[in-house]
Amino acid sequence: MSRAADPAPSVPRLRLRSRFHPLMELYRHPVRLTVSLLLMLFLLPEAASLGARFAGLPVFVSYILACVAVFCIVILPQFCVAWVNCRAVAYMFYDDHLCFIENALLRDKIRVPYRSVSAVHLRQTILQRRLRLADIVIETKPVGFQDMAGTEHVVADIRAARKAMGRIEDILAAYRAARAAAQPSPSAAAAAAASAVTDEDSR
């Protein structure tokens, strides 16, 4: 994985974006969800009492409005940020590398060459199965260091993920076939070396 120094080709062979879903956003950030619920628990009575005291609203109506207000202050901004990231982050598969950005704020492109990709597989939780979503996990290892621990790049919450993974595998297969065709076989290299020696001897 490396930071892309040069602009990527203009037309990727495949472009994937994560599908935003509020339930998946809450599921992926349990600590944030817990803190948000605690904030709502502490703020709700105060907001309801303010509505009943200063606006003269009934207690039930005051609690309903307080719930809406606290939700808009605590939970809704998190959903908005997640939605913006889902729209901004695109995983673009070119002929020889994968390119993407981390989020809407960190715009530096990350480049993953296909020669470092060791495996591609699906990962799906029970909630994702109910929502018909799945993660595509791309495992990479440093080139020439296959015994070292690798890195996972997760393309999260993809609709029709099995079909998308099939297209990724086709792109990887085409890249490996083109790379193998571009490299001379050992027998051809040996024949070329022998021919060079023969030409040198005949002079």
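# A walk through the pockets, bridges and patches

Helix 4 gives the largest share of the lining of the largest pocket, four residues. That's a handy place to start, and keep in mind as you look around that this is a predicted model.

Let's stay with that pocket for a moment. Its volume comes to about 460 Å³. The largest pocket has 22 lining residues, and S18, E25, A82, N85 and C86 are the ones that lie nearest its centre. Besides helix 4, which covers residues 76-88, you'll find that helix 1, strand 4 and strand 8 each put at least two residues into the lining. What sort of residues make up the lining of the largest pocket, by nonpolar, polar and charged? The split is 11 nonpolar, five polar and six charged.

Next comes the second largest pocket, with a volume of about 240 Å³. Here 17 residues do the lining, and L16, R17, R19, I158 and R159 are the closest to the centre. Helix 4 turns up here too, supplying at least two lining residues, as do strand 2 (14-16), strand 8 and helix 6. The mix in the second largest pocket is eight nonpolar, one polar and eight charged residues.

Pockets are open, so what about closed spaces? Searching the whole structure turns up one cavity of 30 Å³ or more. The volume of this largest cavity is about 40 Å³. Around the cavity sit F93, L98, V112, Y114, V117, V120, I138, I168 and L172. Strand 6 (117-123) and helix 6 (161-182) are the elements that give two or more residues to that lining. By class, the cavity lining has nine nonpolar residues, with no polar and no charged ones.

Now for the charges. Side chains of opposite charge can pair when their charged atoms come close. This structure holds six salt bridges, and a good one to find on screen is the meeting of D135 and R28, at 2.9 Å from N to O. The two partners come from distant parts of the chain, with D135 in strand 7 (residues 134-140) and R28 in helix 1 (residues 22-28), 107 residues apart. Are the two partners buried or exposed? D135 has a relative accessible area of 5%, so it counts as buried, while R28, at 33%, is partly exposed.

R28 has another partner as well. D157 forms a salt bridge with R28, and their closest N and O atoms are 2.8 Å apart. Because D157 lies in strand 8 (residues 151-158) and R28 in helix 1, this pair ties together parts that are 129 residues apart in sequence. Put the pieces together and R28, D135 and D157 are linked in a network of salt bridges.

For another pair, look at D96 and R111, whose closest N and O atoms are 3.8 Å apart. D96 is in the loop between strand 3 (91-93) and strand 4 (97-101), and R111 is in strand 5 (residues 109-113), which puts them 15 residues apart. Both ends of this bridge are partly exposed: D96 has a relative accessible area of 33%, and R111 has one of 26%.

Let's turn to the backbone. Most residues other than glycine have a negative phi, and most peptide bonds are trans. Which way does phi go at D157, positive or negative? D157 has a positive phi, near 55°, and is a residue other than glycine. We've already met D157 in strand 8, and with a relative accessibility of 7% this residue counts as buried. R132 also has a positive phi, about 60°, although R132 is not a glycine. You'll find R132 in the loop between helix 5 (126-131) and strand 7. R132 counts as exposed, since its relative accessibility is 65%.

Last stop: the surface. F60, V61, I64, L65 and V68 form a nonpolar patch there, and together they have about 470 Å² of accessible area. To find the patch, look for I64 in helix 3, which spans residues 59-74. I64 has a relative accessible area of 42%, so this residue is partly exposed.

Definitions and conventions. Residues are numbered from 1 along each chain as its sequence is written. This is a predicted model: local features need pLDDT of at least 70, side-chain atom pairs count only at pLDDT 80 or more; totals for chains, interfaces and linings use all residues. Side-chain values use heavy atoms; hydrogens and water are left out. Patches are made of residues with over 30% relative accessible area and no salt bridge: like charges are joined within 9 Å, nonpolar side chains (Val, Leu, Ile, Met, Phe, Trp, Tyr) within 5 Å. Accessible areas come from the Shrake-Rupley method with a 1.4 Å probe; for residues, only the protein chains shown count as cover. A salt bridge is a side-chain nitrogen of Lys or Arg within 4 Å of a carboxyl oxygen of Asp or Glu. Buried means under 20% relative accessible area, exposed over 50%, partly exposed in between (1.4 Å probe, protein chains only). On a 1 Å grid over the protein atoms alone, a cavity is a set of points where a 1.4 Å probe fits but cannot get out, and a pocket is an open set with protein on both sides within 12 Å along at least five of seven lines; lining residues have an atom within 4 Å of a point. Grid points are joined across faces, edges and corners, and a volume is the space filled by probe spheres set on the points. Ala, Val, Leu, Ile, Met, Phe, Trp, Tyr, Cys and Pro count as nonpolar, Asp, Glu, Lys and Arg as charged, and the others, Gly among them, as polar.
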